[in-house]
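Biologist: I should like a close look at one part of this model, the place where its two chains meet, together with the elements around that place. Please treat it in one connected account.

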Amino acid sequence: MGVKDIRTWKPMRILKLTRLLLFLAYLLSKVPHLANVILYVLRPFYEPVKETWLNRKLRYIFLTVGGGLLPADILRAYGYGALAFLENFNRVLKAHRRGEPIIWVEWILNAELIDAFETVSFNNTCLNIFGNFDSMLTPSIMIEEAERQGTPVENCSAMKLDVGALMYKQIPDPYLMITASHPCDTTVSVSQTLEYLTGAPSFIFDMPYWKDELSYEYTERQLWDQIRFLEERLGRKIDWDRFKEGLDRVNKFNFYLGEICEMQRAVPSPGSMINLEFAWAVREINVMSPHALRMAEKLYRAVKKRYEKGKGTVKDEKVRVLLWFPPIAFFMYIFKWMEKEFGAVIVADFIGQVATVQIDTSSKESMIRGLARTQTNLAMGRQCHGPVEYITDEMEWFFEAYQVDCMIFTGHQGCKHGWAAARIIQDICKKRGMPALYLSLDIMDQRYLNEQGIRDEITSFFKSHGWA
Amino acid sequence: MGIMDDTIKKLTSLARGDSNEYLEKAAKQGKKIIGYFCSYVPKEVIHAAGFVPYRMRAVDSGGTTEGDKYFSAINCSFVRHCFHKAIKGDFNFLDGVVFSNGCDHSRRIYDNWRHADLKPDFRHMFVAPHIITHISLDRFKDEVREFKRKLEEHFNVEITEEALRESIRLYNKKRALLADLYESRKQDIIPLRGSELLGIMLAITMMPVEDALSLLEDVKRELAGRQASGKDDIRIYLASGCLEEIDHLELIEECGGAIVADNICFGARHMDMPVDETAAPIEGLAGRYLGHVSCPRMMNDFMRRMEFMHHAINDFSAEAVIAEKLKFCDIWGGEIYLIRQELKKRGVPLLALERELHIPAQGQIRTRLQALFEQIINQRATAVRLDERMIK
């Protein structure tokens, strides 16, 4: 593979490299026009689907920030997102160095409560994205290593990668773990493995199947229990004022992103879904950061400016696409690539859509109640934990509300319940006459279908429908 | 073998079909037959309504072709077989089906069943928590109450407290009888083979509990003096999820194994732990169904499952563990990984098998079983030699 043997990697190598590259991205965002010129001029060096020793460390990040195709104001907003990431990684690396507690928080859960204890939270799944900074083959290498050590091959690669990263000390050991029973069986299974391997006590959320008052109450009770767990284990009380301050920021963060989602209903779409994907990653890693809020606000203003002028994210929007099921972590450039190649704009997707509620911060009880509702409605969780209608109703709503021309289903290898719902999704699309491309891939692991393969399948799909 | 083992033979023979005379008789008497998918569904509630709980199965499915139209190739063979049967109409005798969020594969049966609009029209999703805590226990009680209410509403019946208490009493009796059968396998020469016990379990989970009790009494009588294993057979603890293939267990036995204890759906998870008859019925049911030896879907219970296994290994003198999973089962895949780590520490041999339901792949499995058993026979021989040296 041309990448050094994982067993020789220095501990935390990828996180340290990520920190460096994020700082570079932040610097570029300070001079967005110049950055875009540089990124555009350098495109032949990193845009073709070929990773070389020369572009290996930069290809993913350059493509993810648009490869010179993102508007300057959006790029500037990304800079604040990079700062939010940096803030968290700096804390994590510092805590790791000093032997201070680090609490793993599984994706699709709130890290907000951890912040209220002034303790460092770490999203243990983050290398699924940031592992690509090292090389776009690095996630596959960690996954392969986890499989070689006995992790079941059929598990979702997102969590296999966690196991690989833990075994090879690319993520810090947790003091405590916060995990949940959703979105899938792999989480149920691998959470137990991670607890066993690390020996760290876990707090496990049992995510309710339904979305009703009883379910929200159930989550709410568990959140109170989580506070008790953290207070006992950390030996200190929750700081309610800090929690409130943080939630006020989160409310604004969610408001801005929710507004962007709404504006993308316009034809042409004033925003690209990559912005909301980027924001989702920020949310996952460090949503309580003031930098995260600044990013959301800047993104909102940038998209709103275009919306008010009736301008699209591409000059000539030809096709409006719904990307359904999780996005392809190793190919986040898909958004800008489709825009550039086909004038096809992904206007909505599974992850980026913000459907959380505004949290009433007037009392402790209302904050926990609001957090329970937010947690149940976070992307992936809200669609995956219950009956298929939680997936298909939202999908059909997108068809209507976003005037979608076609759908691309990113059928992820680890997603058993997703594939078990594929027939229902197909029937709905057929009935509505909605053209759909069903990709069979692994969103973290290029060994199934690589970037070139995805580009080829999408190109053929567009050609067959006369869009290319 | 004992002289009189007619009931065992009869039950293992019934187990190879998906209906039987007892079920048909109950249906003729006007009793509703309610299918259920998971060992976390409280059967007593169904029984207290005057109905017959029927454990869903893929036995005699004849393939997966119809199921494959709804489920993908990465979904487990149990759901594909089962759905194939449902589409073929094999479950048309059911008056209701209770689905469960047992795993990602099985919970989508509920969705596809509704999408395909298959019979019957009572389709209920019973949601079991993934953790065992005081909060989830309360949630579970609510779920049992909701299940009771739905049955009452749909079928226009009343499930009284007295009826629930009587059902609990009967099912506890059934559990006690099964526990006796299990206990009998502590003997050096076991009176009941694992394959036979699986057959009994399959049969008695598709008939009225009253009939099951009478048949189990007969089985218990037949065990007196019965010898079903050889003296050198290797004693096995079996851990698995959905396992309903009698042939598969017979293969283990043919190779020289004697299954003496288990944690499988049609095994310990069905009979472990009685319902507390002194508690209010719903409380008692919730306590039992959340507290019995768990399936790996319960996220905070691995060490207790291991304790159960270790006790069983000691009590039943098991020499090795066979842990099995169906292909694409995340939950049992992870569990086997953890079991392997724990058994390594304790020096217990483990054979981890992956299989497709009702597709025997007998050659491969036989080879792997033979390898395991040879290893254990060698260990025995070494232990004997060491003992002899010590004596000298």
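Modeller: The account below begins with the contact between the chains and then follows the elements connected with that contact. The model is predicted, and every value given here is computed from it.

Across the interface, 38 residues of chain B are in contact with 35 residues of chain A. On the side of chain B that touches chain A, the elements giving two or more residues are H5, helix H6 (134-155) and H14 of chain B. By residue class, that side of chain B comprises 16 nonpolar, twelve polar and ten charged residues.

Helix H5 of chain B merits attention from both directions. Seen from chain A, H5 of chain B is among the elements against which the buried residues of H20(A) pack. The other packing partners of those residues belong to chain A: helix H18 (389-401), strand E7 (406-412), helix H19 (416-420) and strand E8 (436-441). Helix H20 of chain A spans residues 422-432, and its buried residues are A:Ala422, A:Arg423, A:Ile424, A:Ile425 and A:Cys429. Just after H20(A) comes A:Gly433, with a positive phi of about 70°.

Within chain B, H5(B) is accompanied by helix H4 (residues 77-88). The two axes come within 10 Å and cross at roughly 20°. An angle under 35 degrees counts as roughly parallel, and H4(B) is therefore roughly parallel to H5(B). The crossing of H4(B) and H5(B) is right-handed. From H4(B), the residues B:Val79, B:Cys82, B:Phe83 and B:Ala86 take part; they meet B:His105, B:Ser106, B:Ile109, B:Asn112 and B:Trp113 of H5(B). This contact divides into six nonpolar residues, three polar residues and no charged ones.

The loop between helix H5 (104-115) and strand E4 (122-126) of chain B contains B:Pro120. The peptide bond leading from B:Lys119 to B:Pro120 is cis, with omega near -5°. Chain A also has a cis peptide bond, joining A:Val267 and A:Pro268 with omega of about -5°. In this case the proline lies in the loop between helix H12 (240-263) and helix H13 (273-286) of chain A. Helix H13(A) is mostly covered, with 14 of its 14 residues buried. From first C-alpha to last, H13(A) reaches 20 Å, close to the 20 Å expected at 1.5 Å a residue.

Helix H14 of chain B, another of the elements on the side that touches chain A, leads to a further backbone feature. B:Phe328 is placed in the loop between strand E7 (320-326) and helix H14 (330-346) of chain B. Its phi is near 75°, a positive value in a residue other than glycine. Most residues other than glycine have a negative phi, and most peptide bonds are trans. B:Phe328 counts as buried because 26 C-beta neighbours lie inside 10 Å, where 20 or more suffice.

A comparable backbone feature can be described in chain A. A:Met12 has a positive phi near 60° and lies in the segment before helix H1 (13-30) of chain A. With 20 other C-beta atoms within 10 Å, A:Met12 is buried.

Definitions and conventions. Residues numbered from 1 in each chain as written. Chains lettered and ligands numbered in written order. Predicted model: local features only at pLDDT ≥ 70, side-chain atom pairs only at ≥ 80, totals over all residues. Helix = DSSP H or I, 4+ residues; strand = E, 2+ residues; numbered from the N terminus. Buried ≥ 20, exposed ≤ 12 C-beta atoms within 10 Å, placed from the backbone. Contact = placed C-beta atoms within 7 Å. Nonpolar A, V, L, I, M, F, W, Y, C, P; charged D, E, K, R; others polar. Axes fitted to C-alpha atoms, helices over the stretch in contact; angles between N-to-C directions. Parallel < 35°, antiparallel > 145°, perpendicular 65-115°, else oblique. Left-handed = near helix turned anticlockwise from the far one by under 90°. Expected span 1.5 Å × (residues − 1).
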